[in-house]
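The following paragraphs lead a new reader through this structure, one site at a time. The sequence and the model are shown first.

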Amino acid sequence: MQSTALILREPGRAPVLETVTVADPGPGEVLVRLAASGVCGSEGHAVHGRSAVARYPSVLGHEGAGVVVEVGAGVTTLAPGDHVVLALYVPCRACRQCVRGDFHHCVGESRRLNTMGVRSDGMTRFRSGEDQLFPLMGLGTLSEYTNVRAEQAVRVPADIALHALCLVGCGVTTGFGAVVNTAGVSVGDTALVVGCGGVGLNAVQGARLAGATTIIAADTQASKLTLAQQMGATHVIDVTSTSLEEGVRAVIPDGVDYAFEVVGNGDLVAQCLGLTRVGGMCVMVGAPPPGAIIPARREALMMERRLVGCRGGSNIPQRDIPRLAELYSSGRLLLDPLIGKRLPLSGFAEAFEALDHAEVARSVITFDS
Ligand SMILES: [Zn+2]
Ligand SMILES: [Zn+2]
């Protein structure tokens, strides 16, 4: 199958549209025609050479939704015409974590290879002439068509708009999951979310949906704080005019039950930990650079505060994607306000520019066909 796709030949260069060949679906694979794909921060990391998973040349895009057009041998769970959201990973089902049922902690080799866009036979599903191309996260959703493992395509009801549901693939599931899965926020809890981009805003609405009664959102941009209020923040802190410490203490002097750092700054993670109550929890959702130190004071941990990491919101795709689709369908999960720009694939440069300037929560590429 020929497909127009956004290809990043090497980090530091601008991505370009190319006509590529997508492999026919082999055993256990499905061919998907994309309807929409979000442009997530991880695309920016790949472009700027900061991605831990991208291999080059890379087929960009990993936050997609579309329609199954063909299934490979042995696929019984999906059929042509099914609407699907593409998931971030497929657990190996063999590593120690998987056999315990902790699929979100999977470290298996098949997951690692698939995340780099490589099949178990060492080949990829995209080619350009003689070159193998590596789909980001095994997905490559900034392409008219993609071929993925069947377990990586999660069926959703056909009456829900795919241009909104695509966001559930990565940004929503990570932010919502950090609150609901990783932290386990429950009714009456208090929460602080620092950083209100595509992931942080979903941590805010995750806290609302979990029943948190005080939700403090902090950011440097007034427009994002307005969105945070729409998502359910009860208080906002513009950290360009008020310090985070002062802003939080003014609302909850003894600290919050849960703090979520969604920026990726080690010092800020430590500060967020210090803003939790005795016995509280800080979740590091953002990813500080490799080797970064988190300078937590001993006093913080002595009081049984907990600092925990977060991998994709501890998401288990087959569990989380359908429930997020249902929450959107019933009007409780807000996705439309998160879409700052809707662009055709040919308008990708505008989406990447918005990403670099953190202008909008999400740009979504929609495909005509
Ligand atoms: Zn992403
Ligand atoms: Zn595993």
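In this predicted model, the zinc ion (ligand 2) has a tetrahedral arrangement, because its 4 donor atoms subtend angles of 102 to 118 degrees. For four donors to count as tetrahedral, all angles must lie between 85 and 135 degrees. The ideal angle for four tetrahedral donors at a metal is 109.5 degrees. The atoms in question are the SG atoms of Cys92, Cys95, Cys98 and Cys106, at 2.3 to 2.4 Å from the zinc ion (ligand 2). Along the chain, these donors follow the spacing C-x2-C-x2-C-x7-C. Two of the residues, Cys92 and Cys98, are buried.

The zinc ion (ligand 1) has a mixed set of protein donors: SG of Cys40, NE2 of His62 and SG of Cys170. These atoms lie 2.0 to 2.2 Å from the ion. Their spacing along the chain reads C-x21-H-x107-C. Cys40 belongs to the loop between strand E3 (29-39) and helix H1 (41-47), while Cys170 belongs to the loop between helix H4 (162-165) and helix H5 (171-183); the pair therefore ties together parts that are 130 residues apart in sequence. Both Cys40 and Cys170 are buried.

Attention now turns to charged side chains. The structure contains 17 salt bridges, and one of them joins Asp131 to Arg9, with 2.9 Å between the closest N and O atoms. Asp131 is located in strand E8 (residues 131-135), and Arg9 in the loop between strand E1 (2-8) and strand E2 (16-22), so this pair ties together parts that are 122 residues apart in sequence. Asp131 counts as partly exposed because its relative accessibility is 35%, a value between the limits of 20% for buried and 50% for exposed. Arg9 and Asp131 also belong to a network of salt bridges that includes Glu18.

A further salt bridge connects Glu29 with Arg119, where the closest N and O atoms are 2.7 Å apart. This pair, too, links distant parts of the chain: Glu29 is in strand E3, and Arg119 is in the loop between helix H3 (109-115) and strand E7 (126-128), 90 residues away. Glu29 and Arg119 are both buried.

Arg297 and Glu299 form another salt bridge, with their closest N and O atoms 3.8 Å apart. Arg297 has a relative accessible area of 58% and is therefore exposed. Glu299, at 38% relative accessibility, counts as partly exposed.

The path of the chain can be followed at strand E12 (residues 214-219) and strand E13 (residues 235-238), which pair in the parallel sense over 4 bridges. At one of these positions, Ile216 has His235 in E13 as its bridge partner. Between the two strands, the chain passes through helix H7 (residues 222-231), and the resulting β-α-β crossover from E12 to E13 is right-handed.

Which residues of helix H8 (residues 244-251) are buried? They are Leu244, Gly247 and Val248. These residues cover an arc of only 90 degrees around the axis, so they lie on the same side of H8. Glu246 and Ala250, on the other side of H8, are exposed.

Terms used:
Residues are numbered from 1 along each chain as its sequence is written. Chains are lettered from A and ligands numbered from 1 in the order in which they are written. This is a predicted model: local features need pLDDT of at least 70, side-chain atom pairs count only at pLDDT 80 or more; totals for chains, interfaces and linings use all residues. Side-chain values use heavy atoms; hydrogens and water are left out. Donors are N, O and S atoms within 2.8 Å of the metal (3.2 Å for Na, K and Ca); water is not among the atoms, so sites may look incomplete. Buried means under 20% relative accessible area, exposed over 50%, partly exposed in between (1.4 Å probe, protein chains only). A salt bridge is a side-chain nitrogen of Lys or Arg within 4 Å of a carboxyl oxygen of Asp or Glu. Four donors count as tetrahedral if all angles lie between 85 and 135 degrees; four count as square planar and six as octahedral if opposite donors are over 155 degrees apart and all others between 65 and 115; anything else is irregular. Two strands pair if DSSP finds at least two bridges between them. A crossover is right-handed if, with the strands pointing away from the viewer, the path from the first strand over the helix to the second runs clockwise. The arc is that of the directions from the helix axis to the C-beta atoms.
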